[in-house]
Amino acid sequence: MDIKGKTVIITGITGKLTSQIAFHLAAKGANCICIYHKNVEKTWIVHKKLLSITKKVFFLEADLAKHYFVGKIFRKIKDLPGIPAPEVLINAAAVFDKKRFGDIREVYIAKTFAVNFSASFAMIQKFAKLVGRRKAKIINITDAIVEKYQPGFVVYSASKAALENATKILAKELASNITVNAVSPGIIHWPKKIDVRPPANLPADTIANVGKVLQAVDFIIENDAVTGRIITT
Ligand SMILES: NC(=O)c1ccc[n+]([C@@H]2O[C@H](COP(=O)([O-])OP(=O)(O)OC[C@H]3O[C@@H](n4cnc5c(N)ncnc54)[C@H](OP(=O)(O)O)[C@@H]3O)[C@@H](O)[C@H]2O)c1
């Protein structure tokens with residue numbers, strides 16, 4: 001698929017990594033439907049920068065932890081003027097935290113899975129319905145920590161592992177018109193409040209960076225036969 005002129009839906013737009021993905025795709029000629037949550041200040045900054053790249057940018061607010069809001073944004077997406085129907089979905093919204101095993105409570109597990117797994121799943125369901133029989137691509141942003149079995153991150157890792165598993169299954173369910181892949185970055189940005197960091201090396205013993213994630217996103221968009229793959233980068 002050539003991304004130029006195509007419409008991309010991106011969740012978690014204010015994210016440090018996600019905003020870079022949006023700027024990159026907009027610079028390649030994509031129209032962007034950006035889903036933001038509560039960080040309004042950062043939303044304005046990203047909105048302004050995206051508008052300097054393309055005028056075909058739409059921002060929709062949603063708490064993706066609730067499926068009701070996923071349905072609501074897709075009803076709005078159908079009516080957006082001046083852009084073709086979406087052909088790419090990037091599920092990047094996530095919550096990330098380090099927690100000691102003994103401190104983990106039901107509410108923390110529920111929230112992490114609601115945003116990192118359930119929201120992406122609901123987005124995929126609505127997106128697949130909207131796309132129908134047209135060609136489309138889904139990219140789930142997971143995390144290389146899934147393969148590290150790192151103490152302190154059991155719930156976050158499990159939520160991303162669930163999304164990777166769903167990626168492989170949905171690649172079969174949604175074949176042959178929709179490809180479903182995941183990009184699994186190593187650590188690039190690290191929250192200041194988390195002091196003990198797991199090792200950052202990836203399988204090829206390289207260090208993750210934004211450029212490598214953008215390359216993986218491009219690879220998935222450009223290669224129509226690639227599906228059910230987890231690209232660790
Ligand atoms: N950056 C890295 O180093 C790195 C490494 C490996 C994997 N990843 C993965 O890559 C993706 C992007 O990372 P990032 O650094 O851009 O993330 P980030 O800076 O942590 O931002 C997370 C985004 O998710 C949104 N979000 C959280 N809860 C939400 C909810 N209930 N409804 C809707 N949106 C919600 C946040 O919006 P609000 O702030 O408004 O709530 C924010 O825009 C994530 O899936 C992350 O797990 C990142």
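Two strands count as paired when DSSP finds at least two bridges between them. With that idea in hand, look at the sheet in this predicted model. Seven strands come together in an open sheet, and their pairing is parallel. Reading across the sheet, the order is 3-2-1-4-5-6-7. Strand 3 (57-61) and strand 7 (230-232) stand at the edges, where each has a single partner strand, so one side of each has no neighbour in the sheet. If you step from one strand to the next, the twist averages 20°.

Let's zoom in on one of those pairings. Strand 1, residues 7-11, lies alongside strand 2, residues 31-36, and the two pair in the parallel sense over five bridges. To find one of these spots yourself, start from valine 8: its bridge partner in strand 2 is cysteine 32.

Now let's step back to the whole chain. The protein has six helices and seven strands. Starting at the N terminus, the elements follow the pattern β-α-β-α-β-α-β-α-β-α-β-α-β. The radius of gyration is 17 Å, close to the 17 Å that the globule rule gives for 233 residues, so the protein is as compact as a globular protein of that length. Along its principal axes, the C-alpha trace spans about 50 × 35 × 30 Å.

The helices are our next stop. Two packed helices are described by the angle between their axes and the distance between the axes. Try this on helix 1 (residues 16-27) and helix 2 (residues 40-53): they pack at an angle of about 15°, with axes 9 Å apart. Angles under 35 degrees count as roughly parallel, and that makes helix 1 roughly parallel to helix 2. Their crossing is right-handed. On the helix 1 side you will find Ser19, Ala22, Phe23, Ala26 and Ala27, which meet Val46, Lys49, Leu50 and Ile53 of helix 2. Sorted by class, this contact of helix 1 with helix 2 has seven nonpolar residues, one polar and one charged.

Move on to helix 3 (residues 67-77) and helix 4 (residues 106-131). Here the packing angle is about 30° and the axes are 10 Å apart. Helix 3 and helix 4 are therefore roughly parallel as well. Helix 3 passes helix 4 in a right-handed crossing. The residues that make the contact are His67, Val70, Gly71 and Phe74 from helix 3, together with Ala119, Ala122, Met123, Lys126 and Leu130 from helix 4. By class, the contact of helix 3 with helix 4 has six nonpolar, two polar and one charged residues.

Helix 4 also packs against helix 5 (residues 154-173), with axes that come within 9 Å and cross at roughly 20°. Helix 4 and helix 5 are therefore roughly parallel to each other. Once more, the crossing is right-handed as helix 4 passes helix 5. From helix 4, the contact includes Tyr108, Ile109, Phe113 and Phe117, and from helix 5 it includes Val155, Tyr156, Leu163 and Leu170. In the contact of helix 4 with helix 5, 12 residues are nonpolar, four are polar and one is charged.

Finally, let's visit two details in the loops. Most residues other than glycine have a negative phi, and most peptide bonds are trans. Tyrosine 149 has a positive phi of about 50°, although it is not a glycine. You can find tyrosine 149 in the loop between strand 5 (136-141) and helix 5. The other detail is the peptide bond from alanine 175 to serine 176, which is cis, with omega near 10°. Serine 176 belongs to the loop between helix 5 and strand 6 (178-184).

How values were computed. Residues numbered from 1 in each chain as written. Predicted model: local features only at pLDDT ≥ 70, side-chain atom pairs only at ≥ 80, totals over all residues. Axes fitted to C-alpha atoms, helices over the stretch in contact; angles between N-to-C directions. Helix = DSSP H or I, 4+ residues; strand = E, 2+ residues; numbered from the N terminus. Parallel < 35°, antiparallel > 145°, perpendicular 65-115°, else oblique. Left-handed = near helix turned anticlockwise from the far one by under 90°. Contact = placed C-beta atoms within 7 Å. Nonpolar A, V, L, I, M, F, W, Y, C, P; charged D, E, K, R; others polar. Rg over C-alpha atoms; globule rule 2.2 N^0.38 Å.
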